[in-house]
Amino acid sequence: MVTWLKNEFWTGYTRFEKIFLFSMVALQAIVYCFAPDSLIGMVCGIAGCICVALTAKGKISSYFFNFIQMITYMVICWDAALYFEFGEQVFYFIVCVFGIFMWKRNMRKNDDGTEQVIGKKFKWWQWIVTAVITLVTTIALGLFGEYVLGGALPYLDAFSVSLAVIAQLLMVWRYREQWAIWIVIDVTSLIMFILLGQWSMVAMYVAWTINAVYGWYNWTKLTNN
């Protein structure tokens, strides 16, 4: 167990990766000290930062922190009347259960004893399919959110959810292109939580945006090995 924990959280990480992970967690604590909107928001932010950092490294342990982040985020979204975001987390939870098994069957053993997931790349036509699905679902969910649910920021919420569902599926299926979509999602969600004044979530999405850029870089290496 000790060896596994060391391989998952220490061995094989560059100095930049270690400092970046610590900085993301520290950012959540600092924001909470100066703008303590909610304790659950800080827990969600810390778990989320650890999760995305481990995902960027292709570590299967990311799913443990993902489950913590999803549960706490459900509470936040429900309180903020972001109903699509809440439903999105329920979807994530179900998909991630299957994702653990899918990743487990596609792990690469490195020379230093660590393991990382084996990534894949998009073909050109998959980008077109993704764009069409995103447009259609954003309009449909936005109309439903505005006229049926009466949620806050229905179209921005719908756009974020549409992309997030696709990105989550791409993560489970091990596609590098998830990170390009996560960048768009993170910037969109960052704007949304600035408007809502949820500063713990703002800090989390700032960290997530930076991590998504690094995730693209690192998964490019995972697909080429």
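The lining of the largest cavity splits into eleven nonpolar, eight polar and three charged residues. That cavity is a good way into this structure, which is a predicted model. About 260 Å³ of space lies inside the largest cavity, and the count of cavities of 30 Å³ or more comes to two. Below is a quick tour of the cavities, the largest pocket, the aromatic pairs and one buried glutamine.

**The largest cavity**
- In total, 22 residues line the largest cavity, and those nearest its centre are V52, Y92, Q168, W182 and W208.
- Six helices each give two or more residues to this lining: α3 (39-56), α4 (62-79), α5, α7, α8 (178-196) and α9.
- The biggest giver to the largest cavity is α8, with five residues.

**The second largest cavity**
- Here the space comes to about 60 Å³.
- Its lining is made up of Y13, F16, E17, F20, L21, A53, A56, K57, N211 and Y214.
- Helices α2, α3 and α9 are the elements that put two or more residues into the lining of the second largest cavity, and α2 gives the most, with four.
- By type, the lining of the second largest cavity holds seven nonpolar residues, one polar and two charged.
- Two of the lining residues, Y13 and K57, also meet as a charge over a ring: K57 sits over the face of Y13, 5.1 Å from the ring centre.

**Aromatic pairs**
- Searching the whole structure turns up 15 aromatic pairs.
- One of them is F16 with Y214: the ring centres are 5.4 Å apart and the planes meet at 55°, so this pair counts as tilted.
- F16 belongs to helix α2 (residues 15-34) and Y214 to helix α9 (residues 199-224), so the pair links parts of the chain that are 198 residues apart in sequence.
- The partners differ in burial: F16 is partly exposed at 45% relative accessibility, while Y214 is buried at 13%.
- Another pair is F64 with F65, which is edge-to-face, with 5.2 Å from centre to centre and 85° between the planes.
- F64 is exposed at 54% relative accessibility, because exposed means over 50%.
- F65 has a relative accessible area of 17% and is buried, because the cut-off for buried is under 20%.
- F16 and Y214 also belong to an aromatic cluster with F20 and Y217. Three members of that cluster, F16, F20 and Y214, turn up in the lining of the second largest cavity as well.

**The largest pocket**
- About 190 Å³ of space lies in the largest pocket.
- Its lining residues are F122, W125, Q126, V129, T130, I133, I166, L169, L170, W173 and Y175.
- Two helices, α6 (124-149) and α7 (154-172), give two or more residues to the pocket lining.
- Of the elements, α6 gives the most to the largest pocket, with five residues.
- The pocket lining has nine nonpolar residues, two polar and no charged ones.
- Helix α7 is also among the elements that give two or more residues to the lining of the largest cavity.

**A buried glutamine**
- Q89 sits in helix α5 (residues 83-104).
- Is Q89 buried or exposed? At 1% relative accessibility, Q89 counts as buried.
- Setting aside neighbours within four places in sequence, Q89 is in contact with Q69, M70, Y73 and M74.

How values were computed: Residues are numbered from 1 along each chain as its sequence is written. This is a predicted model: local features need pLDDT of at least 70, side-chain atom pairs count only at pLDDT 80 or more; totals for chains, interfaces and linings use all residues. Side-chain values use heavy atoms; hydrogens and water are left out. Rings of Phe, Tyr and Trp (its six-membered ring) pair if their centres lie within 6.5 Å; planes under 30 degrees apart count as stacked, over 60 as edge-to-face and the rest as tilted. Buried means under 20% relative accessible area, exposed over 50%, partly exposed in between (1.4 Å probe, protein chains only). A charge sits over a ring if NZ of Lys or CZ of Arg is within 6 Å of the ring centre and within 35 degrees of the ring normal. On a 1 Å grid over the protein atoms alone, a cavity is a set of points where a 1.4 Å probe fits but cannot get out, and a pocket is an open set with protein on both sides within 12 Å along at least five of seven lines; lining residues have an atom within 4 Å of a point. Grid points are joined across faces, edges and corners, and a volume is the space filled by probe spheres set on the points. Ala, Val, Leu, Ile, Met, Phe, Trp, Tyr, Cys and Pro count as nonpolar, Asp, Glu, Lys and Arg as charged, and the others, Gly among them, as polar. Contact means heavy atoms within 4.5 Å.
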